[in-house]
Structure formats: C-alpha cells, structure tokens
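Notebook open, structure loaded. I want to look up a few strands and helices and jot down what I find.

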Amino acid sequence: MAETLLELSGISKTYPGVRALDDVNLNVCRGEVLGLIGENGAGKSTLMRVLAGVIEPSAGVIRIGGNEHTRMTVTEATQCGIAFVHQELNLFENLDVAANVFIGREKLAGGPLKLVDNAVMRARVMPLLQRLGADFTPNTLVDNLSIAERQMVEIAKALSIDARVIIMDEPTSSLTISETERLLEVIADLKAHGISVIYISHRLGEIMSCADRVVVLRDGRTVGELARDELSHAAMIRLMIGRDLKALYTPPACAPQPGGCDIAGVVTSAFPDRQVNLSVRRGEILGLAGLVGAGRTSLARAVFGVDALLAGEIRIDNAPVGIGSPRDAIRQGIYLVPEDRKKSGLVLELPIRENVTLASLLDHARMWLVNGTAERKIAKDQARRLSIKAPSVDIEAVTLSGGNQQKVVLGKWLSMQPRVMFFDEPTRGIDVGAKSEIYALMRSLADQGVAIVMISSDMEEVIGVSDRVAVMHEGSVSGVLERDQFSEYNVLRLAVGQALEIQEAAAS
Amino acid sequence: MMKKELGLFLLLAVISAITGAINPAFLSFVNLLNMANLIGLFGVFALGEGLVIITGGIDLSLGSMFALLGVVFIDLLTTYQVPWPFALLLVLLGGLGLGGIQGFLITRLKMQPFIVTLCGLLIYRGAARYYTSDSTRGFGYGDEASTLSNIASGNVAGIPNTFIFLIVLALILGVLLHRSVYGRWLYAVGKNEEAARFSGINTNLVIATAYVISGVLAGVSTVMFVFYTNSVSPSSFGNFYELYAIAAAVLGGCSLRGGEGSILGIVLGTALLQVLQNLVNILGIPNSLNFAVMGTVILIGVLADQQLQARRRRKAALAGLARTAPKKDSTILQNAASRGAALPTTTGDQA
C-alpha cells in the first residue's frame, strides 16, 4: 500500500557459541503497525536492539530513508527517526515529564550561564501530551505517574524527536485492560499520522486487534509472515513453534510417591488478584513454563519466603507449613536455586567452601565455633559429587565459570536435606556439558524422593526434562500437561492464555 | 588475607624505626607505655566500629555517645552515690540500648546507617550538654570509685590495663569474627546481603548485633576515658573520636563497602594512628599539622592497598581463565559423553 520506510535485510548476530539472529529480513511500511512475535529467546529483542543501535549486527544491511547502514549507533537511529518504548521504562523518576522528554538534548537559555530553560521545554511538551490525551502536565514528577502514564511519556519523547518508527517492546505487560485499550487507541492515532509502529507482544489478542501485518521469529530466523486477513491465534502459534527438540528425557526410576508440596490459593504481590494452585509430588520433576513475567519467579520467591505471601497455604506432605522468611523455608527443606546466581545465589568473593556451607553452617559448628575440618570435608564432598572444576575449595567463587558457579549453589543445598527444590532457570548461561550434568542431578534428586519444580523459559528443557509441565499465564496456572500431552504447541497455547486442544481440533 | 596485616605491621615498624632513629625519646619506655595506653583506649571502640563497617554500615555516633554516657556515669557515681559495679553496668546497658535502637532503625525501618548515626551524633551530644547545662562534670575529692579507677587506669607490671584489655578483647572478637558462625555471617552479609538472606541467614539480626556490640564497646570506652581524663566536658568529650575509629578500621583493611577487614588489622590501624600522633609531637612537627599527617597517611595507605588488590584480582582472573580455557575442549567430549548417558537410565549412580 505505501512506500517502504525501513528495511532490514540479511541481519545476523552471532555471539560465541550462539546464533541470536540468522539472516533476518524485515520491512516496515509508512503508517503501518507491524506485529513481531516469537517465543522467549526467539530473537525479537535482539533484533530491535540492532535497530535501535544498541547492538552491532555481525552481518546484514539496514536501509532507512534511502540510506544504507551496516550498523547503527544510538544517535544515528535517533536521527533516522527510530524511537524505542522500552519494556522496562527508561525514565528518570526524580525528574519531571518535560525533563525526561528532553533528556540529553535539553533546551538551553541564552546568556553566559546556558542554564536549562524549563519553560521552553514544558511549552514544547504540552501539545504532545494533549495529542496523546494525557491528563498530566509537563511539570509532573515522573515518580507520581502510573506505568501507563509513564509509557505516554516515552511515546511523547518519541514524538518529540519526530520519530517515524516507534518500537514498542511488550508495552502492555503491566497495564490494566482499560489502559491497554487506551494505548491501542494511541497507536491507531499514530498510524493515522503516518507513524509506523513495531509492536512486540506475547498477547496475541492485542496483535490481532492492532497489527496490519505480523512477522514471526523463531530461533533467530524469520519463519513466516501473516497479512491482516490471515491472522488467527492458531496460525500465529503454529508459526512460533516447530523446532525439533532433542530427546533429553530420563524417566524416573519409580513412580512419583505420595506427599510432596502443595501450593494452595497462593497470592503473590506481583499479581495481587490471582491465585496459584500447584502440586508437585515427591520423586517428580514438574516443569513450570510460561512467558517471561508470567509470575513464575514471584511464586518461587513467595514459597521460599523471600517475598510476602499475601494469601494461601503451602503444605508439605499434607502438613501446612508457615513460611515467613527464607530461614523458615530452609528449615522445612524447601530450597531455591535462584535465577540470578551472582546476585542471590552466591557470595562471589567468598571461597567455594564458605559458599557451600553458608546455609548449614550452624550444623558444622560447636558452640557457634565453625568446625573447619568438617566444613572442608563437606565442601570437598560436594565439589567431588558435582564435579566442580576448581583447583581447591578455597578459591573464590568469582573466578569460576557459570556452570561451576551454579554447581556451587547446588552444592550448598545438596549438603543439606532437601524435600522440595525450586530451580529457577537452572541452566541459563551455562554450557551444554554442565547443562546435562544438572539435568542428571535433578533426576537423581527426584529419584531420592525430592519434589522438584523447574522454572524454565527454554522449551527444549521444559519438554525434555519434566515429568509434568504446569504453565503459568498472567499470575496463575493456566494448565497442567501430562507427558503424553507434551508439545511446544500445547505449552505455548497455555502460555498465551488459550485453552487446550479441544478448540484447536475444531479449528484445524 | 594476612598479607594486608603483614604490610601494615611492616609500615608500623618502619615508621617507628625511623622516628626512633631521629629522636630516641620515641622508643623510651615511658613514651611506649603512654602510646600503649592510648592504643588501648582508642582500640576498644575502633573494634566495634570495625564490625559495623564490615556489615557495610558506619557508626558516626561514638564520640557523642561517650559524652552522654560519660556525664551519666559520673553523675551516677557522684550525685547519686551508686556503687560502681551498678554504675558500670548501667553505662554498658546504656551503650547496648543506644546501639540497639540504631540497629533497629537501620535494619527494621530500613534507614541509612549514615543518617541514623549522624542523628545519633547530634542527639547524644545535645542531650549530654542539656543534662549538664553545658558544665563540666568531674569527680570530687572523695574516692567514689577508686577500685574501678584503679582497674581502668592502672597497670600490671607497668603495662597499662587499657592495653591489656584491648588485647584480651581483640582475642575474643578475633575468635568471634574469624572462627565463629556469627563472624562468617557478618562477612557474608557485608559482601552480599541478598545471597545471605537467600541462604537463610537472619541478616537483620546479624547487622543489628554489630551495632549493639559497637554500643557496648562504646560504654566500655566511656568508662576508660572518664578515668583517663577524670572529668567530662559535655561539649568536647569524645569529639571526632568516631573518625579515629573509622580511620583505624579503614587503615586496617576494612572496606566501607562492607565484607572486608580483620580484628588484627583494626588493632594495627589504631596503633599506626597513635604512632603518627605521637610522632608529630616527638619530631617537633607543628601540632596543627596533626590531622593533615594522619589524613595523608590514610590516603596513601588505602591507595596503595587498592592498587595491590587490583593487581591480585587481575592475577586471579587470569588464573581462572587459564583453568577454564582447557575446559572448552573437554566440554565437547563431556557433552558427548553425558548426552549418551542422559538417554538410557543412568540415574542411581549419582545418589
């Protein structure tokens, strides 16, 4: 219909050992809303970061406004009229709206001092806010704005640089329904003014309602494109899946035993209006799948006592347990291998030995004095059992590789008596060899009667390692799959909040 | 770990030797005993400050605490004629209480240590001055607490009791910090509070305890200083002393970011500071340069230490790299092996 405004051709980005983007082609027309979808890790964010000039592509050409670029800088991207409304909003909460819109290109008053001219900036921002239908003024402190309003500030910022393409990365992930509708209206208005929008979202319903065209990424490749009249949930999901998954599965040595951990009616602060019900048996690995931000980590943190439990009950072997802090959880045998091992799993500057015994130190002490011999023995046992590659247990954890650091975190818990273990993205950033060691370890723990919950965004891992898979969507469990129901398609359907295959059978 | 202390000790020895060579009076018995007494007086509360700094916090209120507890202590003994063991106990409890309140505000109400203890500094000083109407309190001609006075300012075989007390205290705290579970927790909390909490450590309690210990030691120091000066002028007693403590701790290897430092280091840091002060007098350097000399030495000391540490870290990183580099080859082998092993049922052998 209209002229092509922006064209990406043959964009690749390789990191050592990973191909994040592989020969991606994408074009955006003037005044078009382009939906960009794909699973976690399909390469959407990387692609957009290439476009915004944050990442340099390994190969490929970006054509915009008649110019060709092999790479962009942030400044160039801005000059070309590409604006980014970030997933995590990048605003300075301590400054007002006008200052945020003009950050880095402040209007200065004349005179020798070149002071910032607030009046001019506010006057410039006012019409932008009116155009977006915002009901706050340019001198409002961003700290006092809601998430939706902050997004309007980001969009105003984009308008202020005369953006021709606005990239929105999961813009509605923390908006209410009415705020989402408001945003979709704004997008329609932008479109009417000839501004293009690249709309990245996991919410297929929104894509359906606003996109003129949808491009699907999978494993860093463009795998399909759907025109407006071809859009349907089923069509989109079918394009998003379809990787061949390696067989990783090791069946349990014996059937799951009764008992285990029941999470009943639990409400976390991340989703105060949703309840989570989930059960994991002893001897079982329960995969917990879902899109990023579906509330899986919040659930694990709440069960482990890091965040407050707003409501609900946790039962172990059918006995309710009160958990108010990680200390309580650990006393009950509930352990968490956290997502960010450097921040929450390890004290990096302490040696392996002290990290391994950090949680159980009182057990290796007499009269509060640490028994050095016992401590060293425990640490060495764990290092041997987990084959941690280090010259000695006295070297600092910071010098280890990611996989070995994760093993130290595991060693901390395995030196105690786990009953329920949460693994949050246990193999993120870990090489393949260490990955399969960790899978084998989870299986052997399960076979010893530990109930295991594995949070993972890696589809291969979820389907390949779990005995059952529970899928979370927007703060609650949208479905549980048994092994014979395992498929990428089913997991993804549940993850985007669709019901299971009965409807699907009718649709196809 | 011990390298830092060894370096500090050598610095102390070299400075002492040079000063002694220039003016032998520095190494005279009287001067050494005088310095030992001062090291004892200043070391006790520096140790408490050190524990607080290891948590990543700071205690600015010590000097004012001395003034407040000092006037109360003297008043208890003279005006109220309270027997000295009770007065001593009350002062220690006072220090414990003030430390407890600060610890509570910092851990429970999540206030910044700098602000809490800065307000402590202002409040305690003000309270002390108001309580005494800004007048100096001292002992009369009676011997209200001669026993305690003899203990606090006496000596054993010429060695000042304050110094002996410091050594005993350092031994106890050394065991607490370097050998006990609490000490390990303190370092862990100071380095990474979140990871400590994720390991089930009651981080709030660990931090608050450090402030309580610091408060109690401030109570002990109060009593020692009161018998050292025999009077308390509420507006000047203990002024700036918290800065001496912070300086000693930092010089002794504590990082204000937390998680670093040792008892031996803090004692050596205190000793070095007192030697510097003494050296200014002995070498005839104008007394007004006192603080400037101290500041310069701390600045150079911390700078040198940082450079050495950066070098050590680079070395460690290189060593780590060398360890992981050959692993790249073996991962592939291992990967193939473990993938083969992952398919059939090989589960029991890991148990």
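I started with a bridge: A:Ala470 has A:Val480 in β22(A) as its bridge partner. Worth remembering that I'm working with a predicted model here.

Then I checked how the two strands run. β21 (residues 468–473) of chain A pairs with β22(A) in the antiparallel sense, over 5 bridges. Reminder to self: backbone hydrogen bonds are what pair the strands of a sheet, either parallel or antiparallel.

Next I zoomed out to the whole sheet. I found an open sheet of 6 strands with mixed pairing, in the order β16-β19-β20-β13-β21-β22 (chain A). Which strands stand at the edges? They are β16 (334–337) and β22 (476–481) of chain A; each has a single partner strand, so one side of each is left without a neighbour in the sheet. I also looked up the twist: on average, neighbouring strands of this sheet are turned by 20° against each other, direction ignored.

What packs on the sheet? I got helix α15 (residues 432–447) of chain A, which touches β13 (285–290), β19 (420–424) and β20 (451–455) of chain A. The direction of α15 makes about 150° with that of β20(A).

New page, helix α4 (residues 118–131) of chain A. I tested its length: at 1.5 Å a residue, its 14 residues should span 20 Å, and the end C-alpha atoms are 20 Å apart, so that agrees. I listed its buried residues: A:Met121, A:Arg122, A:Val125, A:Leu128 and A:Leu129. Those buried residues pack against α3 (97–101) and α5 (147–160) of chain A.

Last stop: just after α4(A), I noted that A:Gly133 takes a positive phi of about 70°.

Technical notes:
Residues numbered from 1 in each chain as written. Chains lettered and ligands numbered in written order. Predicted model: local features only at pLDDT ≥ 70, side-chain atom pairs only at ≥ 80, totals over all residues. Helix = DSSP H or I, 4+ residues; strand = E, 2+ residues; numbered from the N terminus. Expected span 1.5 Å × (residues − 1). Buried ≥ 20, exposed ≤ 12 C-beta atoms within 10 Å, placed from the backbone. Contact = placed C-beta atoms within 7 Å. Pairing = 2+ DSSP bridges. Axes fitted to C-alpha atoms, helices over the stretch in contact; angles between N-to-C directions.
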